[in-house]
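Let's take a walk through this protein together, starting with the chain as a whole and ending at a group of aromatic rings. Please keep the 3D view open as you read.

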Amino acid sequence: DRADFSISRDKGSLLVAKPLKWEEVSEYVLNISVSNGPITVYTSVNVSVISVNSRRPEFTAEEFSANIPENLALGSVITQLTVADRSRRGSGKKYFFSLHSAQNTESMTTFKVDAVTGLVT
């Protein structure tokens with residue numbers, strides 16, 4: 001679509017002329033010509049628009065809590081962190097969990113969070 005792209009006159013660079021929407025058009029085939037006067041040559045440029053999730057995931061709770069006995073076996077599941085993605089394309093997305101900081105620094109070595117499942121052990 002000519003309205004989505006333009007070519008700069010000074011350098012011949014292909015420019016995006018307006019915001020692209022993956023939901024509307026995910027691929028473009030642009031037919032481009034260049035001329036030196038008497039001779040014109042043509043080429044095609046294929047442009048794939050990559051979907052970008054503009055909405056960030058959110059935890060399903062503001063705070064997760066668990067009560068556990070002091071003799072809980074090492075490696076036992078304490079809780080599972082869950083995330084909701086409010087975007088229309090949210091299903092099937094992968095999320096990566098990580099433990100960043102804790103009130104008690106010893107907690108960083110005592111507890112683990114599975115990066116893929118969100119299980120806290």
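Of the 121 residues in the protein chain, 14% are buried. Keep in mind that this is a predicted model. The chain has an accessible surface of about 10200 Å², and carbon and sulfur atoms account for 51% of that.

Next comes the fold. The protein chain contains eight strands and one helix, and from the N terminus the order reads β-β-β-β-β-β-β-α-β. Among contacts with a separation of 6 or more, 38% are between residues 24 or more positions apart.

Now turn to the largest pocket, whose volume is about 640 Å³. It is lined by 26 residues, and those closest to its centre are Phe64, Leu81, Leu99, Val113 and Val120. Two elements, β5 (58-59) and α1 (107-110), give two or more residues to this lining. By class, the lining comprises 17 nonpolar, six polar and three charged residues.

Finally, the rings. The structure holds three aromatic pairs. In one of them, Phe59 and Phe64 meet edge-to-face, with 5.9 Å centre to centre and 75° between the planes. Phe59 also pairs with Phe97: this pair is tilted, because the planes are at 40°, with the centres 6.4 Å apart. Since Phe59 lies in strand β5 and Phe97 in the loop between β7 (83-84) and α1, the pair ties together parts that are 38 residues apart in sequence. Ring pairs link Phe59, Phe64 and Phe97 into a cluster.

How buried or exposed are these rings' residues? Phe97 is buried, because its relative accessible area of 11% is under 20%. Phe59, at 48%, and Phe64, at 27%, each count as partly exposed.

Technical notes
Residues numbered from 1 in each chain as written. Predicted model: local features only at pLDDT ≥ 70, side-chain atom pairs only at ≥ 80, totals over all residues. Heavy atoms only, no water. Helix = DSSP H or I, 4+ residues; strand = E, 2+ residues; numbered from the N terminus. Buried < 20%, exposed > 50% of the residue type's maximum accessible area, 1.4 Å probe, protein only. Contact = heavy atoms within 4.5 Å. Areas by Shrake-Rupley, 256 points an atom, 1.4 Å probe, with all protein chains shown as cover. 1 Å grid on protein atoms, 1.4 Å probe; cavity = no way out; pocket = protein on both sides within 12 Å on 5 of 7 lines; lining within 4 Å. Points joined across faces, edges and corners; volume = space filled by probe spheres on them. Nonpolar A, V, L, I, M, F, W, Y, C, P; charged D, E, K, R; others polar. Phe/Tyr/Trp six-rings, centres within 6.5 Å; stacked < 30°, edge-to-face > 60°.
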